[in-house]
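Subject: Structure handover

Hi,

Here is the structure I promised to pass on to you. Please have it open while you read the notes underneath.

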Amino acid sequence: MSEQLTLSAEARDRAGKGASRALRREGRVPAVIYGMNEEPLSIHVEEKLLNKLLGTGHFFNSVIMVEVNGKAVRTLPKDVAFHPVSDRPLHADFLRVSEHATVHVNVPVRFENEDASPGLKKGGVLNVVRHDVELIVDAAEIPEDVVVDLTGFEVGDSIHISAVTLPKGAKTAIDDRDFTLATIVAPSALKSAGTEAEAEGE
């Protein structure tokens, strides 16, 4: 299960571009907490702390407890806007969630047992079609990743979502088709060598 993260914040008195620019100069990132039929709460967080959480690799599929003036608010990160040149975070959006709310989250796909795939051992290449999967899941049970076992897959095989055991209680947001997560393709070197051999044999 994805770990719960904590982020301390302060309420933001003033809104607007000027106030936001002033906050960023002080190393703070303006943000908003919204949802659950409550008034949006304007806050600001420390840029260093936000970057640290972003660097965990599972920021967007973790419950973030945002502590504002001593009170913890359970949230899910929904969006972070970045500067197009410096890549510094400019603004963050957090959605309020109750402890066992049903939420939509994008969860990273992790492939394992590559050495048990005959196709990969022969020199095939894993072509990843989806790096993450949108799951509908209990907010308290968000998985850290979706694990795909590559055991037994050959060159030319497609790995579909039906081949994956999803965490208990989770289901995919796309439920109308058995979508592809990855394929195992022949390396271009093998293909070209085969083409040359065919040409010589003609």
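Below is what I found, starting with the strands and moving on to single side chains. Please keep in mind that this is a predicted model.

The barrel

Six strands form a closed barrel, in the order β1-β3-β2-β6-β5-β4, and their pairing is mixed. On average, neighbouring strands of this sheet are turned by 45° against each other, with direction ignored. If you want a place to begin, try strand β1, which covers residues 5–11 and pairs with β3 in the antiparallel sense over three bridges. Ala11 is a handy marker there, standing opposite Ile43 in β3.

His44

Strand β3 spans residues 38–46 and includes His44. Is His44 buried or exposed? Its relative accessible area is 8%, and buried means under 20%, so His44 counts as buried. The side chain of His44 also has a polar partner: it makes a polar contact with the side chain of Arg28, at 2.9 Å. Leaving aside neighbours within four places in sequence, the residues in contact with His44 are Ala9, Glu10, Ala11 and Arg12, then Leu23, and finally Arg28, Val29, Pro30 and Ala31.

The phenylalanines

How many aromatic pairs does the structure hold? There are two. One of them is formed by Phe59 and Phe60, edge-to-face, with 5.1 Å from centre to centre and 85° between the planes. The rings of Phe59 and Phe94 have their centres 6.4 Å apart and their planes at 80°; planes over 60 degrees apart count as edge-to-face, so this pair is edge-to-face as well.

Where do Phe59 and Phe94 sit? Phe59 lies in the loop between α2 (47–54) and β4 (64–68), whereas Phe94 belongs to strand β6 (residues 89–96). The two are 35 residues apart in sequence, so their pair ties together separate parts of the chain.

Ring pairs thus link Phe59, Phe60 and Phe94 into a cluster. As for accessibility, Phe94 is buried at 0% and Phe59 is buried at 2%, while Phe60 is partly exposed at 36%.

A charge over a ring

Finally, have a look at Arg130, which lies over the face of Phe179, at 4.5 Å from the ring centre.

Happy browsing, and do write back if anything here is unclear.

Best wishes

Note on methods
Residues numbered from 1 in each chain as written. Predicted model: local features only at pLDDT ≥ 70, side-chain atom pairs only at ≥ 80, totals over all residues. Heavy atoms only, no water. Helix = DSSP H or I, 4+ residues; strand = E, 2+ residues; numbered from the N terminus. Buried < 20%, exposed > 50% of the residue type's maximum accessible area, 1.4 Å probe, protein only. Polar contact = N/O pair within 3.5 Å; in protein donor to acceptor, adjacent residues only side chain to side chain. Contact = heavy atoms within 4.5 Å. Phe/Tyr/Trp six-rings, centres within 6.5 Å; stacked < 30°, edge-to-face > 60°. Lys NZ or Arg CZ within 6 Å of the ring centre and 35° of its normal. Pairing = 2+ DSSP bridges. Axes fitted to C-alpha atoms, helices over the stretch in contact; angles between N-to-C directions.
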